[in-house]
Amino acid sequence: MPTVIVATGNPGKLKEMQVYLTPLGWDLQLKPQEIDVDETGITFIENARLKAREVAIATNQWAIADDSGLQINALNGAPGLYSARYGKDDQDRINRVLRELSGSEDRSAQFVCALALARPDGTIALETEGICPGEILTEPKGSNGFGYDPIFYVPSQGKTFAEMSDPQKETHSHRGIAFAQIMEQLRQLPMP
């Protein structure tokens, strides 16, 4: 069973990755806490590559990383790369987005998830970007999920992420779309 380091210190992110990667039979492990990667990229894919590459080299193991966030068209793509830092907590971030969109007719947005898998030498073996288009509601709906989920409405499903069941969100989210795009390639990778 190949060991793959998930380039995060967040156990919740590890659990999310396990949902998608379980069929591959990989032993997923969190990156060591002492490895800290500066996310200096200007796109989600650049940050995913940076994290995967640096963790792979530091651990001499395969490493997978994601970088994701919410882009709102009326806010020129904000919060974007700063989605997790757009406020002090989830409620504060939601309130800020709703405040900044107040009076805006354009509520279109998208969630983006970039994935990168690096070999132990740091070369990128695979990468992809999943995009889930949606709209920002004027008030939160639903109680599942986290972050911006209660205000991110997916028209094709008629629900916010926070109103979806876990399996429904896993299929229709930006992360689910990204993993679906590369699962077949991941299965074919020659890993020790």
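Tutor: In this predicted model, a helix axis is a line fitted to C-alpha atoms over the stretch in contact, and the angle between two axes runs from 0 to 180 degrees between their N-to-C directions.

Student: Are helix 1 and helix 5 parallel or oblique to each other?

Tutor: The axes of helix 1 (residues 11-21) and helix 5 (residues 174-188) come within 10 Å and cross at roughly 50 degrees. Angles under 35 degrees count as roughly parallel, and 65 to 115 as roughly perpendicular. The crossing angle therefore makes helix 1 and helix 5 oblique.

Student: Which residues of helix 5 make the contact with helix 1?

Tutor: The crossing of the two helices is right-handed. On the side of helix 1, the contact is made by K13, E16, M17, Y20 and L21. By class, the contact has 6 nonpolar, 1 polar and 3 charged residues. The residues from helix 5 are R175, G176, F179, M183 and L186.

Student: Which element supplies the largest share of the lining of the largest pocket?

Tutor: The largest pocket holds about 1200 Å³ of space. Its lining has 49 residues, with N10, K13, S68, F146 and R175 nearest the centre. Several elements each supply at least two lining residues, among them helix 2 (44-59), strand 3 (62-72) and helix 4 (166-172). The largest share, 7 residues, comes from helix 1.

Student: How many residues of that lining are charged?

Tutor: The lining of the largest pocket divides into three classes. Nonpolar residues number 18 and polar residues 14, while the charged residues number 17.

Student: Which residue is joined to P79 by a cis peptide bond?

Tutor: Most peptide bonds are trans. P79 is in the loop between strand 3 and helix 3. The bond there has an omega of about 0 degrees, and the partner of P79 is A78.

Student: What is the phi of N60?

Tutor: N60 sits in the loop between helix 2 and strand 3. Most residues other than glycine have a negative phi. N60 is not a glycine, yet its phi is positive, at about 55 degrees.

Key: Residues numbered from 1 in each chain as written. Predicted model: local features only at pLDDT ≥ 70, side-chain atom pairs only at ≥ 80, totals over all residues. Heavy atoms only, no water. Helix = DSSP H or I, 4+ residues; strand = E, 2+ residues; numbered from the N terminus. Parallel < 35°, antiparallel > 145°, perpendicular 65-115°, else oblique. Left-handed = near helix turned anticlockwise from the far one by under 90°. Contact = heavy atoms within 4.5 Å. Nonpolar A, V, L, I, M, F, W, Y, C, P; charged D, E, K, R; others polar. 1 Å grid on protein atoms, 1.4 Å probe; cavity = no way out; pocket = protein on both sides within 12 Å on 5 of 7 lines; lining within 4 Å. Points joined across faces, edges and corners; volume = space filled by probe spheres on them.
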